[in-house]
Amino acid sequence: GRLTVTWGLVQRPLFAAMGASVDFWTLKPATAQWAVTLIFAGLGVRCLVALLVANAGGRNDMTLPERVFVSAAWIPKATIQAAIASAPLDYLTDLWGV
């Protein structure tokens with residue numbers, strides 16, 4: 001549909017704009033280390049929960065490799081949407097003077 005076509009057109013420029021807005025030269029090493037640690041901790045918890053959910057109720061309908069695949073497939077959900085969400089919010093805040 002239209003949304004798929006629109007997303008296909010704007011996806012790469014949005015990713016590029018988000019990446020270009022980060023100035024790595026002004027980023028403190030301690031902050032970068034904390035951010036990376038937080039990301040990996042979140043991914044670890046997310047994978048563990050996905051693995052447990054794939055085995056919910058003690059039913060073993062899936063093999064271990066299938067459960068691992070499910071947990072790996074759940075890793076990237078909404079990460080980009082959360083990262084990009086601040087841009088429209090900042091725009092509207094400036095527009096409305098809030």
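## A quick tour of a five-helix chain

Of this chain's 98 residues, 5% count as buried (under 20% relative accessible area with a 1.4 Å probe, protein chains only). This is a predicted model, where local features need pLDDT of at least 70, side-chain atom pairs count only at pLDDT 80 or more, and totals for chains, interfaces and linings use all residues. Residues are numbered from 1 along each chain as its sequence is written, and side-chain values use heavy atoms, leaving out hydrogens and water.

**Overall layout**
- The chain has five helices and zero strands (DSSP runs numbered from the N terminus: H or I of at least four residues for helices, E of at least two for strands).

**Helix 2 against helix 3**
- Helix 2 covers residues 29-54 and helix 3 covers residues 64-73; they pack at about 135°, with axes 8 Å apart (axes are lines fitted to C-alpha atoms over the stretch in contact, and angles run from 0 to 180 degrees between N-to-C directions).
- That angle makes the two helices oblique to each other (under 35 degrees is roughly parallel, over 145 roughly antiparallel, 65 to 115 roughly perpendicular, and the rest oblique).
- Cys47, Ala50, Leu51 and Ala54 in helix 2 meet Arg67, Val68, Val70 and Ser71 in helix 3 (contact means heavy atoms within 4.5 Å).

**A look at Phe69**
- Phe69 sits in helix 3, and because its relative accessibility is 60%, Phe69 counts as exposed (over 50%).
- From C-alpha to C-alpha, Phe69 is 9.8 Å from Ala54, with the two 15 residues apart in sequence.
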